Amino acid sequence: MDKISVALAALLVASPALGQVVTPAEPVAEEITVVPGEVEAPPPGADDLDDPVPDNPYYDDRSTAAAVIESLYNAISRSEYLRAWSYFEHEEGIDLRADFDAFAAGYDNTDSVQLIVGPEVTEGAAGTIYYAIPAAIEATMADGTTASFAGCYTLRLAQPAVQATPPFRPMAITEGELSPAQGALEDILPGSCEAQ
């Protein structure tokens with residue numbers, strides 16, 4: 001399933017579960033919860049202390065699988081669809097504009113997304129690290145309705161030390177398999193996902 005299918009399936013239509021849930025070999029991260037609207041106060045001495053802190057401040061972190069998924073949904077909640085699309089790996093030779101337009105259209109009616117992720121599992125192969133991470137989301141639509149989805153994301157990172165030809169390729173999502181789910185996010189979050 002490619003990223004366009006994930007976007008459309010996750011927010012527009014129901015599809016059967018495709019992600020396989022297995023017991024992790026070696027979890028490397030604890031459960032992380034991201035709740036839009038909960039932000040820390042500015043540090044002491046910050047300029048413009050009279051300005052309100054945004055409900056959903058900009059967040060872009062590609063250092064871990066969890067951070068990439070959190071950044072993806074931060075971008076979606078801020079309607080920054082080009083940034084959201086940039087967290088995915090794009091196949092060579094595709095029409096990037098058409099791919100982006102289809103991706104963005106899948107989130108036209110999305111107002112915000114609440115996300116939790118579970119422990120990531122990693123596996124290395126020939127200079128590449130694969131990450132599998134469970135996620136559960138609750139999407140709030142422009143009309144106030146909500147829909148929940150759960151499943152697994154797969155990410156890939158070519159070892160930075162072996163990348164020698166521009167452009168540098170950061171950790172990116174290669175696949176996402178989310179299916180409609182009912183219940184609290186903590187209850188629908190898969191226990192683990194299988195790495196490549």
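A disulfide is a pair of cysteine sulfur atoms within 2.5 Å. In this predicted model, the structure holds one such bond, and Cys152 and Cys193 are the two residues that form it. Here is a quick tour of that bond and of the nonpolar cores.

**The disulfide**

- The sulfur atoms of Cys152 and Cys193 sit 1.9 Å apart.
- The torsion about their S-S bond is about -85 degrees, so the disulfide is left-handed.
- Cys152 belongs to strand β5 (residues 146–158), while Cys193 is found in the segment after α5 (185–188), so the bond ties together parts that are 41 residues apart in sequence.
- Both Cys152 and Cys193 are buried.

**The largest nonpolar core**

- This core has 34 residues, and those touching the most other members are Ile69, Leu72, Tyr73, Ile133, Tyr153, Leu155 and Ile173.
- At least two residues each come from the helices α2 (65–77), α3 (81–85) and α4 (96–105), and from the strands β2 (110–117), β4 (128–141), β5 and β6 (172–180).
- Helix α2 gives the largest share, with eight residues.

**A look around Leu155**

- Setting aside neighbours within four places in sequence, Leu155 is in contact with Ala65, Val68 and Ile69, among others.
- Further contacts of Leu155 include Ile129, Tyr130, Tyr131 and Ile133.
- Met171, Ala172, Ile173 and Thr174 are also among the residues that Leu155 contacts.

**A second core**

- Separate from the largest core, there is a second one of seven residues.
- Among its members are Ile116, Ala136, Ala150 and Leu189.

Definitions and conventions: Residues are numbered from 1 along each chain as its sequence is written. This is a predicted model: local features need pLDDT of at least 70, side-chain atom pairs count only at pLDDT 80 or more; totals for chains, interfaces and linings use all residues. Side-chain values use heavy atoms; hydrogens and water are left out. Helices (H or I, at least four residues) and strands (E, at least two) are DSSP runs, numbered from the N terminus. Buried means under 20% relative accessible area, exposed over 50%, partly exposed in between (1.4 Å probe, protein chains only). A nonpolar core is a set of buried Ala, Val, Leu, Ile, Met, Phe, Trp, Tyr and Cys residues joined through side-chain atoms within 4.5 Å. Contact means heavy atoms within 4.5 Å.
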